[in-house]
Amino acid sequence: MERNRKANSKDVAKLAGVSQASVSRAFTPGSQISKANKEKILQAAKQLNYVPNAMARALISSHSNCIAIVQPISKNPYFYAKVLQKLLELLQAENQRVVIFSQDDKNVDEILPLIDQYQIDGVIMASATVDAKLINQYVNRGIEFSFINRSVPNVYASSVCTDNFQSTKELITYLESKGHKRFACIAGDRNASTTISRVEGYLSQLSELELKNIGVIYDDFSVEAGYRGLLELIETQRERPDVVICGNDELAIGAINAIKECTELNIPNDIAVTGFDDIEAAKWPPYSLTTVEQPIDQLCEVTVSDLLERIRTPDKQPINKSIRGTLIKRESA
């Protein structure tokens, strides 16, 4: 039995009575083509079971409609899962193909050379551990970069972040209004731009309101780190804080676990705990965590819109945008 040959764009053009270039335009988003011709082409394609070749279109148009997402999966997985889900939803709505890289498998210096294998138009990065010179080399080759929830200096790329500085200051002001005077901070990774901004906001507002800083502890952004950090604060500091500001919700959950398992302190009467992100577990009754909700939908919408616009309009300059978080008041503080 003879196997049927797979239809190609020439077959569609012949059946529809149009040029092969018209077939290419019919399957390229944003291309100019008459409604009548497009309908004839789509009908012919359906009749022939024709599927357009995305890589061939990329060679013709110089755009692949393919975006890479680079993000840490194991660090703060609940938050980044929500970010990834929203990014995929937005990019798919724009007919973009997506390649996902986990920085936990490779560092960014190893990941970036792989983009050549996928004809990537742009890269969305949720990681701050990067070589600025290396990224700028890829920018010079026409690949656009955007950082989400991160700000990286000396890189020709857009940055879309929560306003960590101001959001933390507002959190401190709220806690001061509840009568808290002695503050401590379990901050997370000291090299992350999010940590730097939140600690700056923390220290700035404590100074402005003349509140006491018991100490700032740096570690990773995990439940285990929050547990360790809380015990360190209790065991090594002469004075106990009456509120602990945590760099994310996972740290806060770890701190609450340590308080409940290792101390007789009551939350929030003896010691209050706050987080940042508003992951799903923050709502659970054992934690009922007061936290700052990151505006994930807005962060992702601005990131995708800006990136695609810069891909389509190469002269457009990168942006640096901060979006205010929302204070979520629950029982932990």
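**A six-stranded sheet and a buried arginine**

In this structure, six strands form an open sheet in the order 2-1-3-4-5-11, and their pairing is parallel. The edges of the sheet are taken by strand 2 (97–102) and strand 11 (320–323), and each has a single partner strand, so one side of each is left without a neighbour in the sheet. From one strand to the next, the twist averages 15°. The model is a predicted one, and the points below look at parts of the sheet and then at one residue, Arg-330.

**Within and against the sheet**

- Strand 3, made of residues 122–125, pairs in the parallel sense with strand 4, made of residues 144–148, and the pairing runs over four bridges.
- Across this pair, Ile-124 is found opposite Ser-146, which belongs to strand 4.
- Helix 5, which covers residues 77–93, packs on the sheet and touches strand 1 (66–71) as well as strand 2, strand 3 and strand 4.
- The direction of helix 5 makes about 175° with the direction of strand 1.

**The surroundings of Arg-330**

- Arg-330 is located in the segment that comes after strand 12 (326–328).
- Because buried means under 20% relative accessible area, Arg-330 counts as buried with its relative accessibility of 17%.
- The side chain of Arg-330 reaches the backbone oxygen of Leu-289 at 2.9 Å.
- When neighbours within four places in sequence are left aside, Arg-330 is in contact with Asp-278, Ala-282 and Lys-283, and also with Ser-288, Leu-289, Thr-290 and Thr-291.

Key
Residues numbered from 1 in each chain as written. Predicted model: local features only at pLDDT ≥ 70, side-chain atom pairs only at ≥ 80, totals over all residues. Heavy atoms only, no water. Helix = DSSP H or I, 4+ residues; strand = E, 2+ residues; numbered from the N terminus. Buried < 20%, exposed > 50% of the residue type's maximum accessible area, 1.4 Å probe, protein only. Polar contact = N/O pair within 3.5 Å; in protein donor to acceptor, adjacent residues only side chain to side chain. Contact = heavy atoms within 4.5 Å. Pairing = 2+ DSSP bridges. Axes fitted to C-alpha atoms, helices over the stretch in contact; angles between N-to-C directions.
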